[in-house]
Amino acid sequence: MKQRERIINNYVKAYNNFDIDGMLIDLDQSIKFVNISSGEVNMTLNGLSAFKAQAIQAKDLFSIREQTIKSFKHPDDQSEIEIAYSAVLAIDLPNGLKRGDKLNINGKSTFKFSGDKIIEITDIS
């Protein structure tokens, strides 16, 4: 469990620092990423190259972003974290949010592992 927590903490630290290469270090080549917002799946990515491309694109959306891990759980072959997320938009979005707007969201992320590699991430907010 400590190894999983170290891997997840490294991933979150890299995310917060806009460090794409750091985010990728512990991801499996066949990583699956799913984002669920308000009960709806709004993004599914398959493979490290798709994940990296999305991470690069998302990097430009925020001037500041921070995930804070509030708790860990370790059922079976996965780990779950409760997170507090805050961010400041760097650009205007089509949904009406404007540059400089602040976002504060609570959510959960689930990380599935195979050995010491993350094979799936599901973000739920």
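**Entry 1: Asp 116 and its contacts**

I began by looking up what Asp 116 touches in this predicted model. Leaving aside neighbours within four places in sequence, I found Asp 116 in contact with Gln 3, Ile 7 and Asp 26. I then checked where Asp 116 sits, and it is in the loop between E5 and E6. Is Asp 116 buried or exposed? My note says partly exposed, because its relative accessible area is 48%, and that class lies between under 20% for buried and over 50% for exposed. I also looked at Leu 27, which is 89 residues away from Asp 116 along the chain. In space, the C-alpha atoms of Asp 116 and Leu 27 are separated by 8.9 Å.

**Entry 2: Asp 26, on the other side of that contact**

Next I followed the contact to Asp 26, which lies in the loop between helix H2 (20-24) and strand E1 (27-37). Which residues does Asp 26 touch, leaving aside its neighbours within four places in sequence? I wrote down Ile 7, Asn 10, Asp 116, Lys 117 and Ile 118. Ile 7 is on this list, and Ile 7 is also on the list for Asp 116.

Asp 26 is buried, yet I found no salt bridge for it. The nearest side chain of opposite charge belongs to Arg 6, and it is 4.9 Å away. A salt bridge needs the charged atoms within 4 Å, so I could not count this pair.

**Entry 3: The sheet**

Then I turned to the strands. They make an open sheet of 6 strands with mixed pairing, in the order E2-E1-E6-E5-E4-E3. Why do strand E2 (40-46) and strand E3 (62-73) have a side without a neighbour in the sheet? They stand at the edges and each has a single partner strand, so one side of each is left free of a sheet neighbour. From one strand to the next, the twist averages 20°.

A reminder to myself: strands of a sheet pair through backbone hydrogen bonds, either parallel or antiparallel. Here is how I sorted some of the pairs:

- E1 and E6 run parallel, over 6 bridges.
- E1 and E2 are antiparallel, over 6 bridges.
- E3 and strand E4 (residues 78-89) are antiparallel, over 10 bridges.

I picked Asn 35 to see the pairing residue by residue. Its bridge partner in E6 is Asp 123, and in E2 it stands opposite Met 43. For E4, I noted that Ser 71 stands opposite Glu 82.

The hairpin of E1 and E2 has 2 residues between the strands, and there Ser 38 takes a positive phi near 55°.

**Entry 4: Helices against the sheet**

Helix H1 (residues 2-16) lies across E3, E4, strand E5 (102-114) and strand E6 (117-124). Its direction is at about 165° to E3. Helix H3 (residues 48-59) also packs on the sheet, touching E1, E2, E3 and E6, and it makes about 50° with the direction of E1.

**Entry 5: Stepping back**

I ended with the whole protein, which has 3 helices and 6 strands. Along the sequence I read the pattern α-α-β-β-α-β-β-β-β. What is its radius of gyration? It is 14 Å, which agrees with the value near 14 Å for a compact globule of 125 residues. The C-alpha atoms fill a box of roughly 40 × 30 × 25 Å along the principal axes. Buried residues make up 40% of the 125. Finally, among contacts between residues at least 6 apart in sequence, 52% join residues at least 24 apart.

Conventions:
Residues numbered from 1 in each chain as written. Predicted model: local features only at pLDDT ≥ 70, side-chain atom pairs only at ≥ 80, totals over all residues. Heavy atoms only, no water. Helix = DSSP H or I, 4+ residues; strand = E, 2+ residues; numbered from the N terminus. Buried < 20%, exposed > 50% of the residue type's maximum accessible area, 1.4 Å probe, protein only. Lys, Arg positive; Asp, Glu negative; His and termini not counted. Contact = heavy atoms within 4.5 Å. Pairing = 2+ DSSP bridges. Axes fitted to C-alpha atoms, helices over the stretch in contact; angles between N-to-C directions. Rg over C-alpha atoms; globule rule 2.2 N^0.38 Å.
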